[in-house]
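Welcome, and please open your viewer. Keep the selection panel at hand as we go from stop to stop.

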Amino acid sequence: MQQWDKIKEEGLAIIRHADNLSRIEQVRIDLLGKKGQIQDLMKQMKDLDNHQKPLFGKMVNELKQLFEEEISIKKNELEETKILTDLKKDQIDISLDGDDALVAQLHPLTIVQKEVESIFMNMGYQIVEGPEVELDLYNFERANIPMNHPARDMQDTFYIDLQWLLRTHTTAIQTRVLETKANNLPIKVICPGKTYRRDDDDATHSHQFTQMEGLVVGEGINLADLKGTLEMMVKKLFGESRTIRLRPSYFQFTEPSMEVDVSCFNCNGLGCHICKKTGWIEILGAGMVHPKVLEMAGIDFRKYSGFAFGMGVERVAMLKYGIDDIRNFYLNDMRFLSNFDRFE
Ligand code: PHE
């Protein structure tokens, strides 16, 4: 009996001292497993007298039950403790400062483009886009720049093959619109888009840039309409006190052609570094659509006339925001890009 109590006390002590789940599992195997203590006791049965066997068996069973219960209690306890310590370890301190999320803002070129679009949409213009990989036909031929004409040199071109190229100006959209709307006049469109030329990139040149072109074709459209339209746009873009100046220029697809200057918004025409002391800043190419261009699109140039203008969005954005290097638009540096107001 003494030995019995010893086995019992020792067993309970081992259970009590188990301090983690793998330890209690080991204890279970040692006490209750196939080669465990209870099994050892069972094996001793065969050496007992028959009359002693039932009592011994009962006692072993009771001991087994006791161990089972105690192990199960201990195991629950340890599981509980483990859950609590794990929870503590994985706890998230919700009072800690998080990383600032980057809030998306519109790219400055998008802001300017949307601003121009909105100015013209308010005057009833439609926005039309076109393919960047363009046919020579629409980029040059229909713009009255035939093959081998020296005017092609003005626009160093990325050719894909003899027929296909990366459009060098949004005038390619203009010639497409003229064709599709030839029998559905008048036309009043703004054509924004990416354009490409084989320029060496520097502070003011980029092989990929953005243009916006305006085109109006209808009966009785004249130069005064063009001038009034551009004056209106310039005042909306750069401020009510701005004026414009038209200078004669040359484009194959317009006649007459002109370069459009805006009075310097920095010095008000007095002369400063932005206008290079001239008081004027060049921002647009424009002109009356060449009769040949209308004719090639299937429009009767005796009855209809039109004007067109085109500008570089980068240039306008650089002037508007005082940016001195065109490459900033394409570097995707968030420190630069997050400086511009959202377009409302
Ligand atoms: N396509 C001309 C250019 O890229 C700009 C322009 C457009 C000029 C429309 C006149 C009329 O330089």
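## Start at the ligand

Select Gln211: an N or O atom in its side chain lies 2.8 Å from an oxygen atom of the ligand. Bear in mind that you are looking at a predicted model.

Now add Arg197 to the selection. An N or O atom of the Arg197 side chain is 2.9 Å from an oxygen atom of the ligand. With His169 the ligand partner is a nitrogen atom, and a polar side-chain atom of His169 lies 3.2 Å from that nitrogen. To see the whole surroundings, show the 13 residues around the ligand; the closest are His169, Thr171, Arg197, Gln211 and Glu213.

## On to the sheet

Switch to a cartoon view. What is the strand order in the open sheet? Reading across, the 7 strands follow the order 1-4-5-9-8-7-6, with mixed pairing. Strand 1 (126-127) and strand 6 (244-251) are the edges: each has a single partner strand, so one side of each has no neighbour in the sheet.

Zoom in on strand 1. Its link to strand 4 (residues 187-196) consists of 2 bridges, and the two strands run parallel. Pick Ile127 and you will find its bridge partner, Ile190, in strand 4.

## Rings and a charge

Next, show the aromatic side chains. There are 9 aromatic pairs in the structure. Take Phe120 and Tyr125: their ring centres are 4.8 Å apart and their planes stand at 70°, so this pair is edge-to-face. Are these two residues buried or exposed? Phe120 is buried, at 0% relative accessibility, and Tyr125 is buried too, at 7%. Extend the selection to Phe307 and Phe309, and you have a cluster in which ring pairs link Phe120, Tyr125, Phe307 and Phe309.

For another kind of ring contact, select Tyr138 and Arg176. The charged end of Arg176 sits over the Tyr138 ring, 4.2 Å from the ring centre.

## Last stop: the cysteines

How many disulfides does the structure hold? The count is 0. Select Cys264 to see a case: the closest cysteine sulfur, that of Cys267, is 3.6 Å from the sulfur of Cys264, too far for a bond, since a disulfide needs the two sulfur atoms within 2.5 Å. Move to Cys267, which is in no disulfide; its nearest cysteine sulfur belongs to Cys275, 3.6 Å away. Try a surface view here as well: Cys264 is buried, with a relative accessible area of 0%, and Cys267 counts as buried at 11%.

Note on methods: Residues are numbered from 1 along each chain as its sequence is written. This is a predicted model: local features need pLDDT of at least 70, side-chain atom pairs count only at pLDDT 80 or more; totals for chains, interfaces and linings use all residues. Side-chain values use heavy atoms; hydrogens and water are left out. Rings of Phe, Tyr and Trp (its six-membered ring) pair if their centres lie within 6.5 Å; planes under 30 degrees apart count as stacked, over 60 as edge-to-face and the rest as tilted. Buried means under 20% relative accessible area, exposed over 50%, partly exposed in between (1.4 Å probe, protein chains only). A charge sits over a ring if NZ of Lys or CZ of Arg is within 6 Å of the ring centre and within 35 degrees of the ring normal. Two strands pair if DSSP finds at least two bridges between them. Helices (H or I, at least four residues) and strands (E, at least two) are DSSP runs, numbered from the N terminus. A residue is near a molecule or strand if one of its heavy atoms lies within 4 Å of it. A polar contact is a pair of N or O atoms within 3.5 Å; within protein, one must be able to donate a hydrogen and the other to accept it, and residues adjacent in sequence count only if both atoms are side-chain atoms.
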